[in-house]
Amino acid sequence: MNPPPFLVSFAATEQLLGALPDEVRNLYGAPFEALAPRGLPPVVSIRCLATLFGYSSKFTGAMYRRSERYYRAFSIPTGKKQRTIHAPKGALKVIQKWFGFYLAETFKCGDCVYGFVKGRSAVEAASSHCGADWVYSLDIADFFPSTPLIKVKEALKEPGYPDHGAELVAMLCCYNGTLAQGSPASPVLSNLVFCHADAELEAVAKHFKVDFTRYADDIVFSGTGEFPAELKSEIRTIIESNGWTIATQKERLAKRPNRLKVHGLLVNGPVPRLTKGYRNRIGAFGHLLDTDRVGPGDVERLRGHLSYAHSVEHYH
């Protein structure tokens, strides 16, 4: 689903403001005009948002107050476990898609962040660790569900959202008080919320003269020479002081001559490479597609794997 135009069905901000009642325009016109010229989705009040999308204020208010009613839940396999996805329905999904797309166009992450950033990829992130002697990797436990609504609201104030607008966005984009695992707005909002932790982790990497990348909740440090013993505790302190927890089962330190893996790719050589197991899977997927032995529902998924493998093998 493509996002709606920036002002949806209006040609200019003046036209939209003219469609608002005088009392609403007087209250919210200034913050609206402060956000829109900067490319930030102008969410400042329920009435403004309802007018923007052509929804009734009553319906928009209902999504704001009881947003959990406008989701559907389902599970997907992740390894040996099942992950519950809460995907927004209809009108709420349209708002989240619109907001997430235009915020991502405007918000600039740090150079260390590669996940959910236009023009950056896991392959590029992995490449910065090639040539390392060791790799220390970790994940945030339940990253989206452990990111509370209040953090989202406070983070939205930094680009310039007024208090009510920040609360409105946070309420519409969270599920039961946390970032929704399945919302199209959650990826960019997670980057926005995590940017202070990114800056602190980047400072630690600079202090120890090591490399650091983050792809979603996959955090990686690498370097040459000996692994600095104090690095682990410094990273843990930063993550926990910012309100998250490390998934201990996914915390790993690998050293040469053992294989070094970053964001799912091998970085022992000069460029990132696919693991042997993944290359075997790609060969099997290609054979299944060539012999038309794939169900219609799986064709795009397998083609996606092949496309990703091609991008890794031709990365320079």
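What follows is a conversation about how some labels on this predicted model were reached.

Colleague: What makes the sheet open, and in which order do its strands stand?

Modeller: Four strands form it, in the order β6-β7-β3-β8, with antiparallel pairing. β6 (211–215) and β8 (252–255) stand at the edges. Each has a single partner strand, so one side of each is left without a neighbour in the sheet. From one strand to the next, the twist averages 15°.

Colleague: Why do β6 and β7 count as paired?

Modeller: Pairing takes at least two bridges between two strands. Five bridges join β6 to β7 (residues 218–223), so the pair qualifies. The two run antiparallel. Phe212 stands opposite Phe221 in β7.

Colleague: How do you know that β3 pairs with β7 and with β8?

Modeller: The cut-off is again at least two bridges. β3 and β7 have six, in the antiparallel sense. Four bridges join β3 to β8, also antiparallel. Both pairs therefore pass. In β7, Ile219 is the bridge partner of Leu138. In β8, Arg252 stands opposite Ser137.

Colleague: What makes β3 mostly covered?

Modeller: Six of its six residues are buried, and buried means under 20% relative accessible area. In a regular strand the side chains alternate between the two faces of the sheet. On one side of β3 are Trp134, Tyr136 and Leu138. On the other are Val135, Ser137 and Asp139. All are buried, and both faces are covered.

Colleague: Which helices lie against these strands?

Modeller: Helix α9 (residues 186–208) packs on the sheet and touches β6 and β7. The direction of α9 makes about 165° with that of β6. Angles over 145 degrees count as roughly antiparallel, so α9 and β6 are roughly antiparallel. Helix α10 (residues 231–241) lies across β3 (134–139) and β7. α10 runs at about 25° to β3. Under 35 degrees counts as roughly parallel, so that label applies to α10 and β3.

Colleague: Why is α7 called roughly perpendicular to α9?

Modeller: The axes of α7 (residues 149–157) and α9 cross at roughly 75°. The range for roughly perpendicular is 65 to 115 degrees, so the label fits. The axes come within 9 Å. Lys151, Val152, Ala155 and Leu156 in α7 meet Leu189, Leu192 and Val193 in α9. Those contact residues divide into six nonpolar, no polar and one charged. Lys counts as charged, so Lys151 is the charged one.

Colleague: How do you know that Cys48 and Cys130 are not in disulfides?

Modeller: A disulfide needs two cysteine sulfur atoms within 2.5 Å. The closest cysteine sulfur to that of Cys48 is in Cys173, 17 Å away, so it is too far for a bond. For Cys130 the closest is in Cys112, at 18 Å, again too far. The structure holds zero disulfides.

Colleague: Are those two cysteines buried or exposed?

Modeller: Buried, because the limit is under 20%. Cys48 has 1% relative accessibility. Cys130 has 19%, so it also counts as buried.

Colleague: Why is His310 called partly exposed?

Modeller: The class lies between the buried limit of 20% and the exposed limit of 50%. His310 has 46% relative accessibility, so partly exposed is the right label. His310 is found in helix α12 (residues 299–313). His310 and Asp217 are 93 residues apart in sequence and 25 Å apart in space, C-alpha to C-alpha.

Methods:
Residues are numbered from 1 along each chain as its sequence is written. This is a predicted model: local features need pLDDT of at least 70, side-chain atom pairs count only at pLDDT 80 or more; totals for chains, interfaces and linings use all residues. Side-chain values use heavy atoms; hydrogens and water are left out. Axes are lines fitted to C-alpha atoms, for helices over the stretch in contact, and angles run from 0 to 180 degrees between N-to-C directions. Contact means heavy atoms within 4.5 Å. Buried means under 20% relative accessible area, exposed over 50%, partly exposed in between (1.4 Å probe, protein chains only).
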